[in-house]
Amino acid sequence: MIEPLLLAAARISTFNEKILLTNASGFFFERDGRLFLVTSHHVVFDKKSKHFPTRIEIELHTNAANIAESTGFSIPLYRDGKSLWRQGLDAAGEIDVAVIEINRKALPKTAVYRAFSPQHLLTSLDHVEVGSSLLIVGFPLGFHDALHHTPVVRHAIIASSFGLRFQGEGFFLTDARTHRGSSGAPVVMRIAKTKPAHGDLPWMLLGIHSSRFDVGNRDLIEDEALGLNGAWYADILLKLTER
């Protein structure tokens, strides 16, 4: 049987009607019986790059006995001219996280997936030390196991003081090697002592990977890239999934 963590991540394709635009990552989050897809806000709307998709498509497994069977599931981003996703704001400005509710009734009856829940979020940000080991589960450059339709995993550590908003914004740093297409991937840490509420996902959801972090004055010839990434704190999901 496939590891449940790999079933919690979703490969996202963005479209302008029928025209394929980009690939990205996301994951499932459930609360009070409702199911959400979580990704980066710039995946569904990015004024800077003029990226304005009208819908997204995720790939769903449809047979627990044969994980190679899958189907595409389309999710509209607008209805009657209004956006269907939710985006967070804080004192520092926009948060690069978006959630969109999925109509469970519209899913294939045999859909196979896993979803994080509020029980997978930290109750205190002081419990995680800098240097702690993490995983980032996603689809870099759209790359994945194309036969079994599963993501790949990057190892990382926490590269800034966890719980301290880096440069005053709502994210922390990781040092994983990442690429385009990883935006929206879950950033997780293994749970040492699991509880029944964690189900078969013994992973604490710490953040949502956003993008690579760099400095503006880096000499592109002499200096290597920092190799650091921003991950927004996952507790924003409690606000974004309120009724």
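**Internal cavities and strand pairing**

The largest cavity is lined by 14 residues, and those nearest its centre are Ala9, Ala10, Glu59, His61 and His149. Two or more residues of this lining come from each of helix H1 (4-8), strand E1 (9-16) and strand E4 (55-61). The structure described here is a predicted model, and the space within its largest cavity amounts to about 80 Å³. By character, the lining of the largest cavity comprises 10 nonpolar residues, two polar residues and two charged residues. In total, three cavities of 30 Å³ or more are found in the model.

The second largest cavity has a volume of about 60 Å³. Its lining is made up of Leu121, Leu122, Leu125, Phe162, Leu205, Leu206, Tyr233, Ala234 and Asp235, a set that divides into eight nonpolar residues, no polar residue and one charged residue.

Strands E1 and E4, which contribute to the lining of the largest cavity, also belong to an open sheet of seven strands, arranged in the order E5-E4-E1-E2-E3-E9-E8 with antiparallel pairing. The edges of this sheet are formed by strand E5 (70-76) and strand E8 (86-90), each of which pairs on one side only. From one strand to the next, the twist averages 35 degrees. Within the sheet, E4 and E5 run antiparallel and are joined by seven bridges; in this pairing, isoleucine 56 stands opposite isoleucine 75 of E5. Strand E4 thus appears in two settings, giving two or more residues to the lining of the largest cavity and pairing with the edge strand E5.

A further antiparallel pair is formed by E12 and strand E15 (residues 228-233), which are connected over four bridges. Phenylalanine 172 has alanine 231 of E15 as its bridge partner. Tyr233, a residue within the range given for E15, is also one of the residues that line the second largest cavity. In a regular strand the side chains alternate between the two faces of the sheet. For strand E12 (residues 171-174), both faces are covered, with Phe171 and Leu173 buried on one side and Phe172 and Thr174 buried on the other. Phe172 is therefore a residue for which both burial and bridge pairing can be stated, being under 20% relative accessible area and set against alanine 231 in the antiparallel partner strand.

Terms used. Residues numbered from 1 in each chain as written. Predicted model: local features only at pLDDT ≥ 70, side-chain atom pairs only at ≥ 80, totals over all residues. Heavy atoms only, no water. 1 Å grid on protein atoms, 1.4 Å probe; cavity = no way out; pocket = protein on both sides within 12 Å on 5 of 7 lines; lining within 4 Å. Points joined across faces, edges and corners; volume = space filled by probe spheres on them. Nonpolar A, V, L, I, M, F, W, Y, C, P; charged D, E, K, R; others polar. Buried < 20%, exposed > 50% of the residue type's maximum accessible area, 1.4 Å probe, protein only. Pairing = 2+ DSSP bridges. Axes fitted to C-alpha atoms, helices over the stretch in contact; angles between N-to-C directions.
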